[in-house]
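Colleague: I am new to this structure and should be grateful for a short introduction. May we look at the sequence and the model together?

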Amino acid sequence: MRTQIEELPDGTKFYNFDELESFLSGIKEKGEKPLLTEDLVLILLYARADRPIYGKTMLMKEVFLMCEEILKPEGVRTQDPRFVPYKYGPYSFNVMQTLETMVVANLIASSGKRNSRKEAFILTGIGVKRAEQKFERLPADVRESLESLRVGWDQLGTHGILQYVYQKYERYKAESEIKSRYKDIIWGRGKA
Amino acid sequence: MRVRVLRGEEKKYFYSTRAVDVQTRDGTLHTPLRALSQSELDAKARVPLTVPMHAPVSGTFKRMSSNDVSRLFLDNDFVENQIQSLENRRQRMQHSSLLFALFQPSPSAIADHLAQDKDKDKFLRMTLRLQQEAGMNLITVPWVGYSASRAIEEFKTLESETEVEPIFFLDQSMTPDEIKEVSPYLKDLVSSDRVHFIGLLHRPVRKTLASCEALWSSFKDTNAAIISAGIERFDENLDDLSGIHLKEFIVGDILLADVRRIFVGEDTEKVPKKPPEFRIPNIERTLRIFDKSTLTISTIQSRHSDDWIDDVVNELGEPQLKHILRSRREAETDKDKYDVLTGISKTHEYLSSQHEVQVSREFISKGETEEYLGGKTVLNSGLQRVNRGLS
């Protein structure tokens, strides 16, 4: 039996049985169930259910921004998607695996050329039903922010959203294969 | 889709405007409204900003130079790039209820490559294919300089052959006689519910007053929304009055700006795209910001205080912009920073001006246009000067 909690580079932790039990009872005491990774994808797509998200990169960055800029500041508890710096910035293996499972489970429909910016992800009828319950349980201001920022993020496109994420969350840029395309612009240093 | 004129308002030698409702599958759009342009959308991404630019209508206005038209005819890669670029914009503009893209040849491109009707036909065929390939659900038909009678002939053919709804564009500089010849055909299409929009390629109002008058008389009661595309950002001859806000009271229900000139100052007529050594003489004389109270887009040098910074920060909801705007002189020698300021200026203008158009619509739809104009001194005087040919 392990006596210390082990942690992987992406933040994944291994608990022994006692520690896990105490962790789970902590969650129970707090009442509200945290949103699971699947729920994160569901509510993001549901925020504008009639419009798809194009491309896995956009979807990944939008889940990231939703966690960082809406759910965390508003105190909405979620399963940690474990974002790590990766080839195109923040990336979660959990989110990617969950997305693929959700497509197979017919919660999400994927159309257009796979693994390209044209691949469109949209909720299916079953997905909408499942997402609706999760979405409606969110506080009203969170729902409003989600509906509004989904538009704001979609409008950036892949290039714009990467520019935004690299600029604001610099630590996730470290492993990026395309970071040289995105310049750091630092203001307040005087004229060059 | 259904379009209905709610109210038309006009005062001879002063203004003409109207309120129109456009019913779409996403709900009803109320005009006048400012459409979101690709240039404004790109500006937001360049800063970058996450603020949503809510836009019932979005449009891409691509000016085709002589070189572009030549490449359109001869270069497969160029055509493919145009399709990809349009697809990308269609995705980013997907939250709008109506989306269109206009590939408009410049006058020199028409003279160089589209002088003969067979070349005009070819250009139309190519740009229609391009829009279809990119998945557009409204197809625009640019003005390529046909005679009025030939234009009607081509419009008839296109209308019968395209599966999606066409938007036929007229040129605001067509003569009043040409407008009077073409308009009955378009009005017939509207009455028979085959088209719901009429396109209008914007030209400087003071140079086309007689044509504007003919367009207004022809279409003022027509149940189709007039899309005026390519409107200049501001008019130096009218105290930097915003072109969108002027055009709203001349002719046009859906207004699309041509926001190319961001930094055109008194001492820099045109900023080269990629100067070898980037240098702006004085950012205070080149950076322009929209002022919703006066409807002008004037240089910040002409502002009496730094209140405009708070206005921009509040509109865009990004407190850190204050630091950028206060450090703006750094952009005089840094192209990347200059581009960021460009982006902030355009994004702010769209959001603030779009809101102001909504305010004006309330007045127009209630028949209180004069009351609105009474509170907008620069616009009021601009309309009087334009209509008297004084600008």
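Colleague: In what order do the strands of the open sheet of chain B run?

Modeller: This is a predicted model, in which local features need pLDDT of at least 70, side-chain atom pairs count only at pLDDT 80 or more, and totals for chains, interfaces and linings use all residues. Residues are numbered from 1 along each chain as written, chains are lettered from A and ligands numbered from 1 in the order written, and side-chain values use heavy atoms, without hydrogens and water. The open sheet has three strands (DSSP runs of E, at least two residues, numbered from the N terminus). Their pairing (at least two DSSP bridges between two strands) is antiparallel, and the order is 1-2-3.

Colleague: Which are the edge strands?

Modeller: An edge strand here pairs on one side only. That holds for strand 1 (2-11) and strand 3 (27-31) of chain B.

Colleague: Which residue stands opposite Val20(B)?

Modeller: Strand 2 (residues 15-24) of chain B pairs with strand 3 of chain B over five bridges, in the antiparallel sense. Opposite Val20(B), in strand 3 of chain B, stands Thr31(B).

Colleague: How is helix 11 of chain B oriented to helix 13 of chain B?

Modeller: Helices are DSSP runs of H or I, at least four residues. The axes (lines fitted to C-alpha atoms over the stretch in contact, with angles from 0 to 180 degrees between N-to-C directions) of helix 11 (residues 307-316) and helix 13 (residues 335-365) of chain B come within 10 Å and cross at roughly 70°. Because 65 to 115 degrees counts as such, helix 11 of chain B is to helix 13 of chain B roughly perpendicular.

Methods: Angles under 35 degrees count as roughly parallel, over 145 as roughly antiparallel, 65 to 115 as roughly perpendicular and the rest as oblique.
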